[in-house]
Amino acid sequence: MPDTSDTALLFLDRGLVRADDAPPDPAAQRRAHTLVRTARGARWVVPVLLLVVLVLAFTPVAGAAFWVAAVVVLVGVVAVVLLLTRAAAVAHATAGLPVPIEITGKVATAMRAVLAMTGALRTHRRAGGAAEGVALLRQWTTATEALRAAWLRDDIGAWHDHARTLAAAGERATRITGGLTGAGTPDGDSAG
């Protein structure tokens with residue numbers, strides 16, 4: 001892992017981004033990384049299970065007991081996936097995001113911009129830039145996990161690259177938010 005004096009932690013606290021220069025806890029970072037990867041993989045279980053149920057529905061096995069068992073198993077799997085996703089979000093929030101200290105301000109600004117974009121996406125789901133916003137949100141999530149993974153495996157070059165990717169996403173998120181809310185045109189000019 002990179003030297004703790006070169007690392008700052010970014011936390012999301014009640015909708016606000018705060019930085020902390022306390023040394024990151026490797027166990028908490030590892031736990032967050034593992035839970036996020038597990039939750040992401042578990043999400044694929046639901047569609048696969050639905051496909052299996054549909055295939056088995058056309059076989060002689062599909063009696064009343066089959067349908068009761070299928071519903072119970074599907075509800076159980078969905079509940080487990082939801083619990084895993086929630087546990088991953090809590091672990092991610094409590095561990096903080098380890099970023100290079102020299103770029104902490106830029107990543108924090110980008111995190112605020114992504115949060116604002118997320119709020120705009122909730123209220124403007126059908127707006128023209130919503131698809132681009134959702135794509136950026138997926139890229140952001142992937143980049144934060146790649147940043148954490150690079151920090152955990154002590155790949156300083158990749159860690160800095162992912163931090164720069166996150167910092168650059170802030171400008172794009174601000175542009176998308178302006179396009180969604182009408183606060184600015186996509187090229188950054190004010191709408192007024």
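This report describes the helices, nonpolar cores and salt bridges of a predicted model.

**Helix α3 and its surroundings**

Helix α3 spans residues 64–95 and comprises 32 residues. From its first C-alpha to its last it reaches 46 Å, close to the 46 Å expected at 1.5 Å a residue. The buried residues of this helix are F66, A70, L74, V77, V81, L84, A88, A91 and A95. Their packing partners include two strands, β1 (7–13) and β3 (97–100). The buried residues of α3 also pack against the helices α1 (26–42), α2 (45–57) and α5 (130–152). Just after α3, G96 adopts a positive phi of about 80°.

**Nonpolar cores**

In soluble globular proteins, nonpolar side chains tend to be buried together. In this model, the largest nonpolar core contains 32 residues. Within that core, the residues with the most contacts are L10, L97, V99, V107, W140, L147 and L166. The elements contributing two or more residues to this core are β1, β3, α4 (104–123), α5 and α6. Apart from this core lies another, of nine residues, which has V36, A42, L84 and A88 among its members. Two of the residues named there, L84 and A88, are also listed among the buried residues of α3.

L166 illustrates the contacts made by a member of the largest core. With residues up to four places away in sequence not counted, L166 touches L97, V107, A110, W140, A143, T144 and L147.

**T177 in helix α6**

Helix α6 covers residues 156–181 and includes T177. Is T177 buried or exposed? Its relative accessible area is 15%, which is under the 20% limit, so T177 counts as buried. Leaving aside neighbours within four places in sequence, T177 is in contact with A113, A116, M117 and A120.

**Salt bridges**

Side chains of opposite charge can pair when their charged atoms come close. A search of the whole structure finds five salt bridges, and the table gives some of them.

| Residue pair | Closest N to O distance |
|---|---|
| R175 and E132 | 2.8 Å |
| R153 and D155 | 3.6 Å |
| D161 and R164 | 2.6 Å |

The side chains of R175 and E132 meet in a salt bridge. R175 belongs to helix α6 and E132 to helix α5, so this pair ties together parts that are 43 residues apart in sequence. R175 is partly exposed at 32% relative accessibility, and E132 is likewise partly exposed at 29%.

R153 and D155 form another salt bridge. R153 is exposed, with a relative accessible area of 51%, whereas D155 is partly exposed at 31%.

The salt bridge between D161 and R164 involves two residues of helix α6. Because D161 and R164 are three residues apart in that helix, about one helical turn separates them. D161 has a relative accessible area of 41% and is partly exposed; R164 is also partly exposed, at 43%. Elsewhere, E132, R172 and R175 are joined into one network by salt bridges that share partners.

**Helix α6 in summary**

Several of the features above meet in helix α6. This helix gives two or more residues to the largest nonpolar core and contains the buried residue T177. Helix α6 also holds R175, whose salt-bridge partner E132 lies in helix α5, together with the D161 and R164 pair.

Note on methods: Residues are numbered from 1 along each chain as its sequence is written. This is a predicted model: local features need pLDDT of at least 70, side-chain atom pairs count only at pLDDT 80 or more; totals for chains, interfaces and linings use all residues. Side-chain values use heavy atoms; hydrogens and water are left out. Helices (H or I, at least four residues) and strands (E, at least two) are DSSP runs, numbered from the N terminus. Buried means under 20% relative accessible area, exposed over 50%, partly exposed in between (1.4 Å probe, protein chains only). Contact means heavy atoms within 4.5 Å. The expected span of a helix is 1.5 Å times one less than its number of residues. A salt bridge is a side-chain nitrogen of Lys or Arg within 4 Å of a carboxyl oxygen of Asp or Glu. A nonpolar core is a set of buried Ala, Val, Leu, Ile, Met, Phe, Trp, Tyr and Cys residues joined through side-chain atoms within 4.5 Å.
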